[in-house]
Amino acid sequence: MGNLNSELFAAIDSVADGANEHQLAVSVQELMKKYRSRVDPRDIVLASDTDVIAYAAYRLPATFAAARSAFEAAAAAVPGFAPATHLDVGGGMGAAVWAASDAWPSLRSTTVLEQSAPAIKLGKRIARRSTGTAVKGSEWERFRLTGAVPDGPRVDLATMSYVLNELTPQVQEEVVRSLARRARTVVLVEPGTPEGYERIIAARKHLLAEGLSVAAPCPHGEACPIAPGEDWCHFSERLNRSGIQRRLKFARLGFEDEKYSFVAATSEPVERPANRILRHPQKRKGLVSLSLCTTGPGIEERVVSKRQGPSYRAARKAEWGDAWPPPEDPES
Ligand SMILES: C[S@@+](CC[C@H](N)C(=O)[O-])C[C@H]1O[C@@H](n2cnc3c(N)ncnc32)[C@H](O)[C@@H]1O
């Protein structure tokens, strides 16, 4: 298999190259406006060929990066899990399809459920350019969710990335519960905003109520210790912006930080870390402060000093979202 990451970006570039950039820029402004507020569940946001190319160019690299990070955390917490079958719901142009194949190369078949015909057409076109088995062979079905996902064979993995915001709370619950019954592992990703986190926390409760265990990001299976309304659990993934992404967003910086919230739950045995780092570590001379979600469960501010030798060296390298202590550093 080639490098899925570069295959995806090459495919997006070639699609965007053939489009009218002014029309794409107009569509990007409209899409940004809609996604900044709560999407009306009756609306199909990705309605035209221009919309879906615009989304692929300005947004898909970021949703792909967030989904891949969430899936990597899930894969680390469920080490024996080698999924072959995958269902992606609200797949758009396939960000989670590509990201799942990157995180789990064992995947052999993927089915995408999506309501937008232009999204399906473009998603298929991009996927056919992949050398990855599950991506290239992915099956796309036009389907509008109004409750539980349709009955079908059990799958190893179910994913839903940046979709809950477009469903009513009742449909969110029905979809999430049905995914928990249909799949061995479920991973849900949302924007890393207070509202995105609230949707993830509600979905987490539904997954646990259906008998799954939390795999990531939480180091525990109890209620989230973050006080409602005071803070929100989210992570950040830095990605380089392509030329077209910069032009369409009128952006000067060559990179962006995609903030996301997620939950992974599973019926497989889990190996959760002792703690998860919840913020950028604060690094000062001789000291590193870590904000940790702990097994307790609880939130703890831990200071690691230079006198702690190996722990300090590990803390200097630690990043927001990492497990703590790092798996290769049992002394921390
Ligand atoms: C923000 S896009 C995310 C696309 C993709 N999952 C990603 O991460 O880039 C939301 C997607 O969910 C789809 N969607 C929203 N509501 C849906 C529904 N009721 N049934 C099926 N698909 C839906 C939209 O058409 C769109 O493709």
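Select Leu 145 and the ligand together: a backbone N or O atom of Leu 145 lies 2.8 Å from a nitrogen atom of the ligand, which falls within the 3.5 Å allowed between two N or O atoms in a polar contact (within protein, one atom must be able to donate a hydrogen and the other to accept it, and residues adjacent in sequence count only if both atoms are side-chain atoms). Keep in mind throughout that this is a predicted model, in which local features need pLDDT of at least 70 and side-chain atom pairs count only at pLDDT 80 or more, while totals for chains, interfaces and linings use all residues. Residues are numbered from 1 along each chain as its sequence is written, and side-chain values use heavy atoms, with hydrogens and water left out.

**Around the ligand**

Stay with the ligand and add Tyr 55, where an N or O atom of the side chain is 2.8 Å from an oxygen atom of the ligand. Then add Thr 63, whose side chain likewise places an N or O atom 2.8 Å from a ligand oxygen. How much of the ligand does the protein bury? Taken alone, the ligand exposes 590 Å², and the protein buries 98% of that, with areas computed by the Shrake-Rupley method and a 1.4 Å probe.

Widen the selection to the 18 residues that surround the ligand, the closest being Tyr 55, Thr 63, Glu 114, Leu 145 and Ser 161; a residue is included if one of its heavy atoms lies within 4 Å.

**Helix α4**

Next, select residues 60–77, which form helix α4, a helix here being a DSSP run of H or I with at least four residues, and a strand a run of E with at least two, numbered from the N terminus. The 18 residues of α4 reach 26 Å from the first C-alpha to the last, close to the 26 Å expected at 1.5 Å a residue, where the expected span is 1.5 Å times one less than the number of residues. Is α4 mostly covered or mostly open? Helix α4 is mostly covered, with 16 of its 18 residues buried, and buried means under 20% relative accessible area, exposed over 50%, and partly exposed in between (1.4 Å probe, protein chains only).

**Two more helices**

Move to Ala 10 in helix α1 (residues 4–17), which is partly exposed at a relative accessible area of 39%. If you add Pro 326, 316 residues apart from Ala 10 along the chain, the two C-alpha atoms are separated by 34 Å. Val 135, in helix α7 (residues 133–136), counts as buried because its relative accessibility is 0%. Its C-alpha is 9.0 Å from that of Lys 124, and the two residues are 11 apart in sequence.

**Backbone features in the loops**

Select Ala 216 and Pro 217, which are joined by a cis peptide bond with omega about 0°; Pro 217 lies in the loop between β6 (213–216) and β7 (235–240). Another cis peptide bond, also with omega about 0°, joins Gly 296 and Pro 297, and Pro 297 is in the loop between β11 (287–294) and β12 (298–305).

Finish with Tyr 162 and Phe 250. Tyr 162, in the loop between β4 (155–161) and α8 (169–182), has a positive phi near 60° although it is not a glycine, and it counts as buried because its relative accessibility is 11%. Phe 250, in the loop between α10 (243–248) and β8 (255–266), is not a glycine and has a positive phi of about 50°; Phe 250 counts as exposed because its relative accessibility is 64%.
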